[in-house]
Amino acid sequence: MGVAVAPHERDDSSGISRLTVKYSSGAVETPFRFVNRHDLQAKSNIGVNVGVTVGNRAFVYEHHVNPKGIDSILHTNDYLATATGKIESTLNRVDDGSLTVVYLKLTQDAKQGLKRDSTHAKEVVAFLLNIVGEVEADAFALQYDVLGPEEWAYIRRQSRPIVPVVDIGDSRMVDDALAWIPGESSSIVPFLGVTYASYRSAYLSYKSILASRQALHESGKGVMVLQALRTVPTSAEAFRDLSAPHYASFLIADAVGERYSLRIPPKERPKGGPRIARLFRRSELALPAVAPGTPLSEYAGEDAPFSGDPKVYELFKRTAQGLNTPEDWKDNRPPSLSRLHETINSASEYELMREALVKSELGAYMRQKRRLSELIGREREGR
């Protein structure tokens, strides 16, 4: 088992490179976006038979450890079996040959309850490393600040690829990781992982990563952004509907994973009006709300994954035209269809992005995505 990252073409103006990521059962090229449990649940919710990990060939599973989980780690004899069983049951639903990454994440509440060098903290981190040893996955992501010299000595002995994940909001931690990671074997650390924040919220961290990106690529390492929001919260009205997984890939991410939240977000209601759906816009790499009466032609050619099932196809047509019925919303089906629509169509957009890199035409590709291009240009210039 192992992961090897090799760089190819590079766009000098943005620092984006095409990387080949080889793993035990195949290879995938960057930039790409991970599929996650949201996508598998969306597929089940609308009952459509589409292979969501076939085109993307990359899946990330987030395993959250909250204070209750810590209590179970410390006091429940069979909790390792429970935790590994839960992870494995999801990974078994992923298509064969996909790149699989398991992100073992202590929640903020859990981290606050543990002192870094306390006996309990060491037991919890040892438990996470036990999961690494028990579960079959191509790589594991662990928070950088919970891993000390003893943990890294163990990781090097067992030779399973680890993605250390740094909080992008802590610029000093980012700089520390960037100074250390290039000297680490790429077979052990194939990616630097960072959490997601907008450029304006983590300006110094972005500068450091952008300055180090080429050296990371040349040392056989990529940059993995995890926990990107599906839309970008911003006060700039013109950019409120951008999709952060795509935004992140133009800034620093070779591979990007969307946040998997334990909490159900509040229903989206425009000032108490009817619920509205969002559908991915390939022309902008955005996720705007669908206005009632939108012509179906706006999504021409994007219905193929849903056309095999008449009921799902009718749901797609109603969603694309902003005409969902109260019956649709009873099972929350429009958001599920929206997620699958974006997952499928964004996979082909990443493919176009890679083709543009090969042809040295990424700048032209990016200019086609006008709103995204304007926002990234403005933020790169610090305005």
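Let me start with E374, which counts as partly exposed because its relative accessibility is 41%, where buried stands for under 20% relative accessible area, exposed for over 50%, and partly exposed for what lies in between, with a 1.4 Å probe and protein chains only. E374 is found in helix α15, residues 370-380, and I should say that helices (H or I, at least four residues) and strands (E, at least two) are DSSP runs, numbered from the N terminus. Along the chain E374 is 126 residues away from A248, and the C-alpha atoms of the two are separated by 14 Å.

Before going on, a word on the source: this is a predicted model, in which local features need pLDDT of at least 70 and side-chain atom pairs count only at pLDDT 80 or more, while totals for chains, interfaces and linings use all residues. Residues are numbered from 1 along each chain as its sequence is written, and side-chain values use heavy atoms, with hydrogens and water left out.

A248 brings us to helix α10, residues 244-251, where eight of the eight residues are buried, so this helix is largely enclosed by the rest of the structure. Besides A248, the buried residues of α10 include H246, Y247, F250 and L251. L251 comes up again with R213, a residue of helix α9, residues 203-218. Is R213 buried or exposed? R213 is buried, with a relative accessible area of 1%. If we leave aside its neighbours within four places in sequence, R213 is in contact (heavy atoms within 4.5 Å) with S14, G15 and I16, and also with L251, I252, A253 and D254.

Now to the chain as a whole, which has 15 helices and 11 strands. For 383 residues a compact globule would have a radius of gyration near 21 Å, and the chain, with 21 Å, agrees with this; the radius is taken over C-alpha atoms, and the globule rule is 2.2 Å times the number of residues to the power 0.38. Along the principal axes, the C-alpha atoms fill a box of roughly 60 × 50 × 40 Å. Buried residues make up 53% of the 383 residues, and, of the contacts in the chain with a separation of 6 or more, 72% come from residues 24 or more positions apart.

Let me turn to how some helices pack. Helix α4, residues 79-91, and helix α6, residues 119-134, pack at an angle of about 50 degrees with their axes 10 Å apart; axes here are lines fitted to C-alpha atoms, for helices over the stretch in contact, and angles run from 0 to 180 degrees between N-to-C directions. The two helices are therefore oblique to each other, given that angles under 35 degrees count as roughly parallel, over 145 as roughly antiparallel, 65 to 115 as roughly perpendicular and the rest as oblique. On the α4 side, Y79, L80, A83, T84, I87 and E88 meet F127, N130, I131 and E134 in α6. By class, this contact of α4 with α6 has six nonpolar, two polar and two charged residues, where Ala, Val, Leu, Ile, Met, Phe, Trp, Tyr, Cys and Pro count as nonpolar, Asp, Glu, Lys and Arg as charged, and the others, Gly among them, as polar.

Helix α6 also packs with helix α7, residues 149-158, and their axes come within 11 Å and cross at roughly 15 degrees. The contact is made by K122, V125, L129 and V132 of α6, together with E150, E151, Y154, I155 and Q158 of α7. By class, the contact of α6 with α7 has five nonpolar, one polar and three charged residues, and α6 and α7 are roughly parallel to each other.

Finally, some backbone details. As background, most residues other than glycine have a negative phi, and most peptide bonds are trans. Which two residues does a cis peptide bond join? They are T30 and P31, with omega at about -5 degrees, and P31 lies in the loop between β3 (26-29) and β4 (32-33). L285, although it is not a glycine, has a positive phi of about 50 degrees; L285 sits in the loop between β11 (255-258) and α11 (310-320) and is buried, with a relative accessible area of 2%. S360, also not a glycine, has a positive phi of about 60 degrees, and S360 is exposed, with a relative accessible area of 69%, in the loop between α13 (333-358) and α14 (362-368).
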